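Visitor: Please give me a close look at one part of this model, the packing inside it. Start with the terms I need, and point out any odd spots in the backbone on the way.

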Amino acid sequence: MCGIVGYLGHRQAYDVLIKGLKRLEYRGYDSAGVAMINDNNKLSVYKAKGKVADLEAYCEDKDITGTIGIAHTRWATHGEPSSKNAHPHYSQTQNLAMIHNGIIENYADIKAKLIKEGVEFHSDTDTEVLVQLIEYIQTKKNLDLLHSVQVAMHIVVGAYAIAILDKNNPGTLIAARKQSPLVVGVGENEFFLASDASPIVEYTNQVVYLEDENVAVIERGKELRVVSMLNAELHPEIKKVELTLGQIEKGGYPHFMLKEIFEQPECLKTCMRGRVSDDSQQVILSALIDYRKELVDAKRYIIVACGTSWHAALIGKQLIEDFARIPVEVEYASEFRYRNPIVGPGDVVMAISQSGETADTLAAIQLAKSKGAFIFGVCNAIGSSIPRATNTGIYIHVGPEIGVASTKAFTGQVTVLSMFAVALGEAKGTITKQDYLSVLKGLNEIPALIEKVLEQNDRIKLISRTFTYARNFLYLGRGKNYPVALEGALKLKEISYIHAEGYPAAEMKHGPIALIDSDMPVVAIALKSALYEKLLSNIQEIKARKGRVIAIVSEGDDKVSRIADEVIEIPQCHDALTPLLTSIPLQLLAYHIATCKGKDVDQPRNLAKSVTVE
């Protein structure tokens, strides 16, 4: 949530900033703004409620010149969405302008003290409190901007990534972070600043990922300087970003979400490349080689995650227990961190997060680490906070996911968990050679099978038009496809705003069946398996109550297909890997229902791609 962009160099800053904000629109926001210092050392702030396009319209007749600037997209926390609460925020003298991601928890106390000192406030935000505090320190203690920022950071409590301009130092940009991501791009005589690398890759692939409590001092004509909050000189490594411009553009698709759904066959090939051998004889994971004892001898696995990642975790639990015979618990990270969990040495805490910046998951990691657990991360974003906080882990390598509703990250997470479960089982000797080779063969076949499912896109689009009227949906599944039902319901809720719930199919009789009527569509995942006949009975119960059924069935099904209203077939695959196929039609169903309803599927209301605050 929220997006930061900054620039200092030889280009016109406004163009870089606006383009950067557009690259970050996927993060979710409700207002946008820019601040620039022009050649006459005038500091100007322009901001608007709404989209980046609204900000551009507002700036059409404004002075937008200058080669240093900062920009922000805000997702409201303190204060309603409005131009006055949008960032950047001025200090009282308007000598400083600042943008901020995160939450200052003690802002109210600081604000009250500043008001007593005669400081006037013009917004409802915690961010304005911080910039006012920095200027107050600067004035009262006669400090430069860097030291004022450092002193202020010792006073505030909370999470932040900030960037600040001072019109009295027009060639300097100060940035700092704590528990909120910030990346500095290093170019030829120019610097870029952003919440992630997507606004930077067009200009340079050389970046520095700031660590917690780092302060970046970016000055014209000088090398990047990074110091600690205590002003100790640091020497961060400049890393090369593998992200390409093509990966963060739509490539002819109407929405990023549809592009990312169709990217899954290639993404999963990349995810498995170098890990599952082409001859399906072995899976090699460096984490299991480097930390074999900790992972194999663990007494228990605890998976912490949020949202879609939590659904992947539920599938991972079944896979690890099936193949490695180790007990696995799955926890919402937001609950785990607050309930005094029993965790310690001998436990492996596995943290799953697409962005690698999820605040609740990071906090859960810190709690588990403090109690002596071994921490394992599953992430997509290279260089993000969670991989840096873990002992080891696996990147899913599916490329940047721009659409807010996760699609390819989910299947990437399930693929990684499948590889890990069979590799762990093989290391422990709890999986037969036949089963081991069968799963690996199945994994290698998955990309081609997903392509077959995607061939039904046009038909799923037609089915979707029939169900745009619905105000409620029920999703049913069993075994490893129960979490898929949860994920399918979440996708529909996120982008179409239709209320939907996922249930284990056998639980339908314990309450939800009371809701079934002709206005309640039911999506049932009813594959040929040991539980097939039981699912068939569930569907018959729904039809007896005039419910309308969309069934996901195995190719060639001859029973469910006769009673369901609509049937989507998926090809046969290894039973453990069916979630990788059944999730695809549910993604497409949600996408097409939402587009038929005219919704913005890439930027659904009230949602952010990376949830970096509680």
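Guide: Helices and strands here are DSSP runs, numbered from the N terminus; a helix needs at least four residues and a strand at least two. Keep in mind that this is a predicted model.

Let us begin with the backbone. Gln-94 sits in the loop between β5 and β6 (96–104). Its phi is near 65°, a positive value in a residue other than glycine. Gln-94 has a relative accessibility of 41%, so it counts as partly exposed. Asn-231 is another such case: it is not a glycine, yet its phi is positive, about 75°. Look for Asn-231 in the loop between β13 (225–228) and β14 (233–234). Asn-231 is partly exposed, because its relative accessible area is 28% and the partly exposed range runs from 20% to 50%. One peptide bond also deserves a stop. From His-87 to Pro-88 the bond is cis, with omega near 5°. Pro-88 belongs to the loop between β4 and β5 (89–90).

Now go inside. The largest nonpolar core has 97 residues. Tyr-301, Met-350, Phe-420, Leu-424, Phe-473 and Tyr-475 touch the most other members. Helix α14 gives this core its largest share, 12 residues. Take Met-350 as a sample. Neighbours within four places in sequence are set aside here. Met-350 then contacts Tyr-301, Ile-302, Ile-303 and Val-304, and also Ile-320, Phe-376, Val-378, Leu-417 and Phe-420.

Helix α14 (residues 408–428) has a partner, α10 (residues 307–324). Their axes come within 9 Å and cross at roughly 20°. Angles under 35 degrees count as roughly parallel, and α10 and α14 are therefore roughly parallel to each other. The crossing of α10 past α14 is right-handed. On the α10 side, the contact includes Ala-312, Ile-315, Leu-319, Ile-320 and Phe-323. On the α14 side, it includes Phe-410, Val-414, Leu-417, Phe-420 and Leu-424. The residues of this contact divide into 14 nonpolar, seven polar and one charged. Notice some returning names: Leu-417, Phe-420 and Ile-320 take part in this contact, and Met-350 touches each of them.

A second helix pair is α4 (residues 126–140) and α5 (residues 145–155). Their axes are 8 Å apart, at an angle of about 120°. The pair α4 and α5 is therefore oblique. Their crossing is right-handed. Helix α4 brings Leu-130, Leu-133, Ile-134, Ile-137 and Gln-138 to the contact. From α5 come residues including Leu-145, Val-149, Ala-152 and Met-153. This contact holds 10 nonpolar residues, two polar and no charged.

Last, turn to helix α1 (residues 13–23). It is mostly covered, with eight of its 11 residues buried. The buried ones are Ala-13, Tyr-14, Val-16, Leu-17, Ile-18, Gly-20, Leu-21 and Arg-23. They pack against four strands and a helix, namely β1 (3–8), β2 (31–37), β4 (68–74), β10 (191–194) and α2 (52–59).

Technical notes:
Residues are numbered from 1 along each chain as its sequence is written. This is a predicted model: local features need pLDDT of at least 70, side-chain atom pairs count only at pLDDT 80 or more; totals for chains, interfaces and linings use all residues. Side-chain values use heavy atoms; hydrogens and water are left out. Axes are lines fitted to C-alpha atoms, for helices over the stretch in contact, and angles run from 0 to 180 degrees between N-to-C directions. Angles under 35 degrees count as roughly parallel, over 145 as roughly antiparallel, 65 to 115 as roughly perpendicular and the rest as oblique. A crossing is left-handed if the near helix is turned anticlockwise from the far one by less than a right angle, and right-handed if clockwise. Contact means heavy atoms within 4.5 Å. Ala, Val, Leu, Ile, Met, Phe, Trp, Tyr, Cys and Pro count as nonpolar, Asp, Glu, Lys and Arg as charged, and the others, Gly among them, as polar. Buried means under 20% relative accessible area, exposed over 50%, partly exposed in between (1.4 Å probe, protein chains only). A nonpolar core is a set of buried Ala, Val, Leu, Ile, Met, Phe, Trp, Tyr and Cys residues joined through side-chain atoms within 4.5 Å.
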